[in-house]
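User: I am a first-year student, and I would like a close look at a single part of this structure. Please take the strands and how they pair, and then say what lies around them.

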Amino acid sequence: MKIIMACLLLLVFVACAMAADVPAKVMIDGKSANIRPSAIVRNGQVFVPLRAGAEALGYHVKWMAEQNAAQVCTDKGCVLIRRKEGLTVNGSIFLPLRKMTESFGAKVTWDGPKKTVHIKKGTQSPSSAAH
């Protein structure tokens, strides 16, 4: 009986550890981005806090309360990102980093062993797929 209980306890511990968010480092054009709260990896996808992530990329953010969405803009154009497209962590909206960056033509690569995202900023207008 003790062995069964120990195995069950171990399974619960492993499941909790696998579900936990893992911090990720973000590099933009070869420079470390100081994003707070930190980017996280959840279920194999990197998420960044909406405002801090966008501003680190040089984007401008305006919250549109009536639409429950954020307007994220560059000098090339804007995209509207709805709250439901991300997740809420400790009161902050986190968005999938790839969605935010590739909407503006950036290239994103992932270095798994170092848990680091590398972003090369784009110069094109936002894609209509971001809506």
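Analyst: What follows begins with the chain as a whole, goes on to the paired strands, and ends with the buried residues.

The model is a predicted one. Its chain has three helices and eleven strands. Going along the sequence, these elements come in the pattern α-β-β-β-β-α-β-β-β-β-β-α-β-β. The chain has 131 residues, and 36% of them count as buried. If we take contacts between residues at least 6 apart in sequence, 43% of these join residues at least 24 apart. The accessible surface is about 8,200 Å², and carbon and sulfur atoms account for 58% of that area.

Now to the sheet made by β5, β6 and β7. These three strands form an open sheet in the order β5-β6-β7, with antiparallel pairing. β5 and β7 are the edge strands, since each of them pairs on one side only. From one strand to the next, the twist averages 25°.

Each of the two pairings in this sheet can be followed in detail. β5 covers residues 60-64 and β6 covers residues 69-74. Five bridges hold β5 and β6 together in the antiparallel sense. Within this pairing, H60 is opposite C73 of β6. On the other side, β6 is joined to β7, residues 77-82, by six bridges, again antiparallel. Here A70 has I81 in β7 as its bridge partner. Two residues separate β6 and β7, and the two strands form a hairpin.

The loop between β5 and β6 contains N68. The backbone of N68 has a phi near 50°, which is positive although the residue is not a glycine. What is the exposure class of N68, given its relative accessibility of 37%? Buried means under 20% and exposed means over 50%. The value for N68 falls between these limits, so N68 counts as partly exposed.

A second place to look at is the pairing around β11. β10 spans residues 107-111, and β11 spans residues 116-120. β10 and β11 pair antiparallel over five bridges, and T109 has H118 in β11 as a bridge partner. The two strands form a hairpin with four residues between them, and in that hairpin K115 takes a positive phi near 50°. K115 is not a glycine. Its relative accessibility is 38%, so K115 counts as partly exposed.

β11 also pairs with β1, and this pairing is parallel, with four bridges. One example is K25, whose bridge partner in β11 is T116. β1 covers residues 22-28.

A general point helps with reading strands. In a regular strand, side chains alternate between the two faces of the sheet.

Another backbone feature sits in a loop earlier in the chain. The peptide bond between R36 and P37 is cis, with omega of about -5°. P37 belongs to the loop between β2, residues 31-32, and β3, residues 39-42.

Next come the buried residues. In soluble globular proteins, nonpolar side chains tend to be buried together. The largest nonpolar core here has 27 residues, and V26, V72, M100 and I119 have the most contacts inside it. Strand β1 gives this core its largest share, three residues. Apart from this core lies another one of five residues, including F47, L87, V89 and F94.

M100 deserves a separate look as one of the residues with the most contacts inside the largest core. Leaving aside neighbours within four places in sequence, M100 is in contact with V48, L50, G53, A54, L57, Y59 and L95.

One of those contacts, Y59, also takes part in a ring pairing. The structure holds one aromatic pair. Its members are Y59 and F104, with ring centres 4.4 Å apart and planes at 40°, and the pair is tilted. Where in the chain do Y59 and F104 lie? Y59 is in the loop between α2, residues 50-56, and β5, while F104 is in the loop between α3, residues 97-102, and β10. The two are 45 residues apart, and the pair links distant parts of the chain. Both Y59 and F104 are buried.

To put the strands together once more: β5, β6 and β7 make an open antiparallel sheet. β11 pairs antiparallel with β10 and parallel with β1.

Definitions and conventions
Residues are numbered from 1 along each chain as its sequence is written. This is a predicted model: local features need pLDDT of at least 70, side-chain atom pairs count only at pLDDT 80 or more; totals for chains, interfaces and linings use all residues. Side-chain values use heavy atoms; hydrogens and water are left out. Buried means under 20% relative accessible area, exposed over 50%, partly exposed in between (1.4 Å probe, protein chains only). Contact means heavy atoms within 4.5 Å. Accessible areas come from the Shrake-Rupley method with a 1.4 Å probe; for residues, only the protein chains shown count as cover. Two strands pair if DSSP finds at least two bridges between them. Axes are lines fitted to C-alpha atoms, for helices over the stretch in contact, and angles run from 0 to 180 degrees between N-to-C directions. Rings of Phe, Tyr and Trp (its six-membered ring) pair if their centres lie within 6.5 Å; planes under 30 degrees apart count as stacked, over 60 as edge-to-face and the rest as tilted. A nonpolar core is a set of buried Ala, Val, Leu, Ile, Met, Phe, Trp, Tyr and Cys residues joined through side-chain atoms within 4.5 Å.
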